[in-house]
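Me: I have a structure here and would like to talk through how its parts meet. Could you take my questions one by one?

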Amino acid sequence: MLRVAVVGSGPSGVYTAQALVQQSRVPDVRVHVLDRLPTPYGLVRYGVAPDHEKIKSLQSSLRAVLEDERITFAGHVEVGGEGGLSPARLKELYHAVVYCVGAAADRPLAVPGEGLPGSFSATEFVSWYSAHPDAGGFALRARSAVVVGIGNVAVDVARILARGAAELRGTDVPRAALDALGASQVREVHIVGRRGPSQARFTTKELRELGALPRARIVVDGAELALDPAFAAPPDGPGAAPLPAVVRRNLEVLRGWSAAPPPAPADGQERRIRLRFFLRPAELLERDGRVSGVRFARTVPDATGGVRDTGTYEDIEAQLVLRAVGCRGTPLPGLPFDPVRGTVPHAGGRVLRDGVASPGEYVAGWIKRGPTGVIGSNRSCAKETVASLLADAPLLTRREVSPDPLAALRAQGLRPVEWDGWLSIERAESALGRSLGRGRVKIPDWPGLLGAARGEGGL
Ligand code: NAP
């Protein structure tokens, strides 16, 4: 029997487990999917926006995988970190370990004032409204918010800021976040890119969604769009390299908004979303010990796809600043790490130690290839890793490993939350929602989650 531990139960971990049990090359495989949290699904639970129900519904296909009898979910098991299991210990317990630990760190802006109160990473904000048990709180007393970055995370957080509580009541947003969003004073949300619209990383569906928000008015500055060479003169002529489809569609949406802004809501409760381009954050401004705005350097295209500063600046007032400038992997003690790429060095998913493949250690997902692509990209990524693992299986299974790794973990004091515990959390979240007159509502804290996993909570 081949015993494999998959570390991380987000999409890459679950697709890895699925690829392991769906192949016929090694018939007898058992997979333990470990997670630091007592809940499965990683960023599908704690990253996908609550109003993206269709993407959230992916949970049902991930659930079907984790319910396979050859796969065991074991949450509340930390790997790495202080007091967590080490890669060496996992190697003693399993023939192979696949690390699917994602990209846990936010990229900094590296500008003065970044640490001021009122300045956060978008991940902190997403974690809060997604009920991550390590998240802090947000009061949303700001009238103006700046979101730095023009990727899909920027669009997600701007959209949630522009929605009212009534629009989110039907989602699983936790109680405190729904109340705070309901009482939010935010009326202006500036989404700001350092480069132009043709270099934006958001996808068209997500961009269009902003225009469909019931209470938001979209403001696009035509002069900034015109700075973009692809916007001003689309390369349509003979011999011109065509724009990627997503860029063409994004430009069409932005052109449309610039020519005819979507109608403002009639109820006077409007929130403006301003899409801004060619502004590089230079400094976060301070008043009374808190962030009061962002000073941006005006940029222009440099003809090579980048931008250069023009020497002029623009200040945008903001009492809330969210930096949505991407994330990167973090080193896991005991595993090699490439600090430049923020990933674990690998060849076809095999972890490389000093450039040499380390039998029995693998990576998949964002810690392997960096934080790119859509959820489905993890499927092919996992398949590649599993193919390498299966090719190594004859060698790996020669080694004796623990016949019952979870018992070994319990014996060393860990208290894994297994599938029954997760089902118990799900029931408690449904009961919490019923008690609030809503659908399922997420439990946002460790005591609540662990209590619910043990069947406590009195709900
Ligand atoms: P992203 O797509 O890499 O976008 C990061 C943005 O930050 C870019 O606009 C980038 O501009 C900008 N940026 C980076 N460093 C900066 C700096 N120092 N100053 C100013 N701007 C800076 O990252 P993401 O939005 O975090 O998304 C991560 C992944 O998750 C993506 O694959 C995304 O599609 C996916 N995702 C998808 C959805 C969805 O499908 N609904 C939702 C959320 C996330 P430059 O291009 O100039 O570097």
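Me: Thanks for looking! How far apart do the C-alpha centres of domain 1 and domain 2 lie?
Reply: Happy to help, and do keep in mind that this is a predicted model. The domain assignment gives domain 1 as 2-104 + 329-417 and domain 2 as 107-326. Between the C-alpha centres of these two domains, the distance is 33 Å.

Me: How many residues does the contact take from domain 1, and how many from domain 2?
Reply: Contact here means heavy atoms within 4.5 Å. On the domain 1 side, the residues touching domain 2 comprise four nonpolar, two polar and four charged ones. The contact takes 10 residues from domain 1, and from domain 2 it takes 17.

Me: Which three residues supply 47% of the area that domain 1 buries against domain 2?
Reply: Let's start with the whole interface: the two domains bury about 1200 Å² between them. Of that area, 53% is on carbon and sulfur atoms. On the domain 1 side, the 47% share, more than any other three residues supply, comes from Tyr46, Pro50 and Asp51.

Me: With which residue does aspartate 51 form a salt bridge?
Reply: The interface of domain 1 and domain 2 has three salt bridges by the rule used, and five residue pairs in polar contact are counted between the domains. For the aspartate 51 salt bridge, the closest N and O atoms are 2.7 Å apart. The partner of aspartate 51 is arginine 159.

Me: Now the ligand: what percentage of its accessible area does the protein cover?
Reply: 20 residues surround the ligand, and the closest include Ile150 and Arg194. An oxygen atom of the ligand is 3.1 Å from a side-chain N or O atom of asparagine 152, and a ligand nitrogen is 3.1 Å from a side-chain N or O atom of glutamate 206. On its own the ligand has 920 Å² of accessible area, and the share covered by the protein is 82%.

Conventions
Residues numbered from 1 in each chain as written. Predicted model: local features only at pLDDT ≥ 70, side-chain atom pairs only at ≥ 80, totals over all residues. Heavy atoms only, no water. Domains from an automatic or database assignment. Buried area = accessible area lost by both parts, 1.4 Å probe. Salt bridge = Lys/Arg side-chain N within 4 Å of Asp/Glu carboxyl O. Polar contact = N/O pair within 3.5 Å; in protein donor to acceptor, adjacent residues only side chain to side chain. Nonpolar A, V, L, I, M, F, W, Y, C, P; charged D, E, K, R; others polar. Near = heavy atom within 4 Å. Areas by Shrake-Rupley, 256 points an atom, 1.4 Å probe, with all protein chains shown as cover.
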